[in-house]
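I opened my notebook to poke around a protein model and jot down what I looked up. Here is what I had on screen.

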Amino acid sequence: MVLSAQFPDTRDLRLLYAPLEALLGRSQELVRGLLGKFSLGGRDYEIDGFRFVGPYAGHDPIHLGFFAGVHGDEPAGCAALVEFLLALVREPKRAAGYELWVYPVVNPTGIEDGTRENRAKKDLNREFWRGSSQPEVKLIEAELRDRRFQGLITLHSDDTCDGIYGYTHGRTLDEALLRPALLAAERLLPRDCRETIDGFSAKEGMISDCFKGVLSAPPEQKPQPFDLIFETPAKAPFKDQVAATVAALDSVIANYRGFIAHAQNL
């Protein structure tokens, strides 16, 4: 895996997206789209999405959604999603059989301010599917309902931990995907193996419970998609957080492809 030599200031979305912008029009697989706009304090803000379509693999594309920057003071996930897309453009076969929708910055005002909350002082990761008035949440909820993803991955960083960990929501498939993802990321960063993480019981860096209101699939969607939350230690070197996250994402798409192939052969 080759990472960019330098990471841009993630508070400036023009710089963050510049490497991807340079590829648009040159890469048939990568397309940029506008999820939506909202206004605040006389300024307009956008939430962007990028679609990457991997090579045909003999079946309908598997639709996955990737989200980062829900908290504005956790930029590593934003940079990781950009790096992930750059790696896929260099080697499209890594995404064979997939149509991936990538949203590097869910909370643009929080990213701009470097704050966990958005500029309205709301923690967006406690607002989903609770009738929120926040425009960012409304836009993402509409996108989730429209796309009906088969899997979701949300990226975060935790400044209270010293290692990687993740949430599985108590689902068997989520655990089966997170376990090898943690192993892949563990080559770059240690795992948080405490019995209690973020106030929840944990085992081998996996938490089955979760906070209410986190970014997740529409509650009425049937069947529910796999839904992973991957966390890096915010105090670790930035480049290591990015590299570990990209390794985890590669693991998830490789292993989920295997689950789909097995199910089709049953």
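Before starting, I wrote down what a salt bridge is: a side-chain nitrogen of Lys or Arg within 4 Å of a carboxyl oxygen of Asp or Glu. I also reminded myself that this is a predicted model.

**Entry 1: salt bridges**

How many salt bridges does a search of the whole structure find? I got 18. One group caught my eye: Arg43, Glu112, Asp113 and Arg119 are linked in a network of salt bridges.

Next I looked up Arg145 and found its side chain in a salt bridge with that of Glu220, at 2.7 Å from N to O. This pair links distant parts of the chain, with Arg145 in helix 4 and Glu220 in the loop between strand 9 (206–207) and strand 10 (226–233), 75 residues apart. Is Arg145 buried or exposed? Neither, really: Arg145 has a relative accessible area of 44%, so I noted it as partly exposed. Glu220 counts as partly exposed too, because its relative accessibility is 43%.

Then I checked Glu175 and Arg179, which form a salt bridge with their closest N and O atoms 2.6 Å apart. They are four residues apart in helix 5 (residues 172–185), so about one helical turn separates them. I have Glu175 down as partly exposed at 34%, and Arg179 as partly exposed at 31%.

I added one more pair, Lys239 and Asp240, where the closest N and O atoms are 3.1 Å apart.

**Entry 2: a buried charge**

Glu99 sits in strand 4 (residues 98–103). I found Glu99 buried but without a salt bridge. Which side chain of opposite charge is nearest to Glu99? It is Arg51, 4.3 Å away, and the cut-off for a salt bridge is 4 Å. What the Glu99 side chain does have is a polar contact with the side chain of Trp101, at 3.2 Å. Leaving out residues up to four places away in sequence, I listed what Glu99 touches, including Arg51, Phe52, His63 and Leu64.

**Entry 3: helix 4**

I tested the length of helix 4 (residues 135–147). At 1.5 Å a residue its 13 residues should span 18 Å, and the end C-alpha atoms are 18 Å apart, so the two agree. Its buried residues are Glu136, Val137, Leu139, Ile140, Glu141, Glu143 and Leu144. I saw these pack against several elements, among them strand 1 (30–40), strand 2 (43–53) and helix 3 (108–113). Just after helix 4, Arg148 takes a positive phi of about 45 degrees.

**Entry 4: the cores**

In soluble globular proteins, nonpolar side chains tend to be buried together. I went looking and found that the largest nonpolar core has 51 residues, with Leu64 and Phe66 making the most contacts inside it. Helix 2 (residues 76–90) gives the most to this core, ten residues. There is also a second, separate core of 20 residues, which includes Phe38, Val137, Leu139 and Leu152.

I looked up Phe66 by itself. Ignoring neighbours within four places in sequence, its contacts include Leu81, Phe84, Leu100, Ile153 and Leu249.

**Entry 5: Leu30**

Leu30 belongs to strand 1. Its relative accessible area is 3%, so I marked Leu30 as buried. Beyond four places in sequence, the residues that Leu30 touches include Leu20, Phe50, Leu85 and Val89. Last, I checked how far Leu30 is from Arg145: 115 residues in sequence, and 22 Å in space, C-alpha to C-alpha.

Key. Residues are numbered from 1 along each chain as its sequence is written. This is a predicted model: local features need pLDDT of at least 70, side-chain atom pairs count only at pLDDT 80 or more; totals for chains, interfaces and linings use all residues. Side-chain values use heavy atoms; hydrogens and water are left out. Helices (H or I, at least four residues) and strands (E, at least two) are DSSP runs, numbered from the N terminus. Buried means under 20% relative accessible area, exposed over 50%, partly exposed in between (1.4 Å probe, protein chains only). Lys and Arg count as positive and Asp and Glu as negative; His and the chain ends are not counted. A polar contact is a pair of N or O atoms within 3.5 Å; within protein, one must be able to donate a hydrogen and the other to accept it, and residues adjacent in sequence count only if both atoms are side-chain atoms. Contact means heavy atoms within 4.5 Å. The expected span of a helix is 1.5 Å times one less than its number of residues. A nonpolar core is a set of buried Ala, Val, Leu, Ile, Met, Phe, Trp, Tyr and Cys residues joined through side-chain atoms within 4.5 Å.
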